[in-house]
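Student: Let us go through the charged side-chain pairs of this structure and ask what justifies each label.

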Amino acid sequence: MKLLIVLSRVPYPLEKGDKLRAYNQLKELAKKNEIILFAINDGTLHKDAIHELKKYCSKIKIVSLSKPQIVWNLVRGFFTGLPFQVAYFYFKKAQIEFDSFIQKEKPEHIYCQLIRTSEYVKNYSNIPKTLDYMDIFSKGMERRKEKASVFLKPFFGIEYKRLMKYEKNIFDSFDQKIIISEQDKNFIPHFEKQAIQVIPNGVDFSFFKPSEEKKKFEILFNGNMNYPPNVESVDYLVKKILPLVHQKLPKTKLLISGASPSSKVLALQSPFVFVSGWTNDIRKNFAKSKILVAPMQISIGLQNKLLEAMAMQIPCVTSSLANNALGAKNGTEILVADEPEEYAKHILYLLENPEKAAEIALNGFQFVVKKYNWENSVAQLQFIFEREKSTSKK
């Protein structure tokens, strides 16, 4: 099948969750399909990106988005009623390039990641289309609104309502819909949401695997450190949880790992809090840490940090919100908390009982091996495409 994949970002390097999902999906899909890729690029294109993607794609079309264009897109979106999450990535030049690409390549199926790309394809009724909602943006925006300052609440409130409306209306423009977790599926504001199929992320177990390395840090937080939910979570970890841990284990060290740390994250550094920034081999940061703690407060989607840590047999502590999407067994495969005192209790328990920490780590590893496998996950996606193809021929 000739499959057109439409992305709001170039899926390389893999420093963000949407890139990780897109890259691994197209890598697996390339085994049975001819992949042609259309992507918006709003930053500096990595020097190895094209070379890496050509391993899996027969044709690649990247349209760059300048800062002035972004500003204009957002202004236009404000007056047209598009959510900013959609308006940011949509502009006329890219639509022209996209239409030309479609006309030339004649794909048999279009696969869009996130509602950010759906404007480009919504009017193509003659080609089967699948939308990966991935995350439910409106719910994330609602949670951000609840925690926002009095000055930002109106902005988040408007965006929340626009996203709710858009997520509902765009549903009917696609033949098939998928999403990353059952929790996110249940938040989709459409009466036929049960038709959405859950396609989870996976883990590259040939890359993320147990590694023996000297432990330098007791606690690890990993992720894109310019992403608001991660920034808020690590701020909570440093200011609310770590002081409680220090009351009993005052030398406990925390490593904050991940790309593009914001000024707020950098300001958290102290003799016991270290910020690494981008790391070429993220496995090293996992391997030299005893526990991964992810106290996600406004999380949507599935936390890759948990999957990767569990694949490397690192015990994890996270919030109910994050584990609702993950589905691990609390107390045996993961430890779940919602208050600072609970987090501190779990952290101290794991640090003071290494044999129990190892047991939870092993159980967590066995859980992700069984449930989160890229090959199995993408096989479900392939089945959707093939079923739609056979249906459209009838």
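Tutor: What follows is a set of questions about salt bridges and burial in a predicted model.

Student: How many salt bridges does the structure hold?

Tutor: The structure holds 17 salt bridges.

Student: What makes the contact between R116 and D18 a salt bridge?

Tutor: The N to O distance between the side chains of R116 and D18 is 3.7 Å. The cut-off is within 4 Å, so the pair qualifies. R116 sits in the loop between β4 (109-113) and α6 (118-121), and D18 in helix α1 (residues 17-29), so the pair ties together parts 98 residues apart in sequence.

Student: Are R116 and D18 buried or exposed?

Tutor: R116 and D18 are both buried.

Student: Why is the pair K47 and D48 called a salt bridge?

Tutor: The side chains of K47 and D48 meet at 3.2 Å, N to O, and the definition asks for within 4 Å.

Student: Why does K47 count as exposed?

Tutor: K47 has 72% relative accessibility, and exposed means over 50%. D48 has 29%; partly exposed lies between 20% and 50%, so D48 counts as partly exposed.

Student: How do you know that K122 and E119 form a salt bridge?

Tutor: The closest N and O atoms of K122 and E119 are 3.0 Å apart, and the limit is 4 Å, so the label holds.

Student: Why is E119 called buried?

Tutor: E119 has 10% relative accessibility, and buried means under 20%. K122, at 31%, counts as partly exposed.

Student: Which residues are linked with K2 in a network of salt bridges?

Tutor: K59 and E105 are linked with K2 in that network.

Definitions and conventions
Residues numbered from 1 in each chain as written. Predicted model: local features only at pLDDT ≥ 70, side-chain atom pairs only at ≥ 80, totals over all residues. Heavy atoms only, no water. Helix = DSSP H or I, 4+ residues; strand = E, 2+ residues; numbered from the N terminus. Buried < 20%, exposed > 50% of the residue type's maximum accessible area, 1.4 Å probe, protein only.
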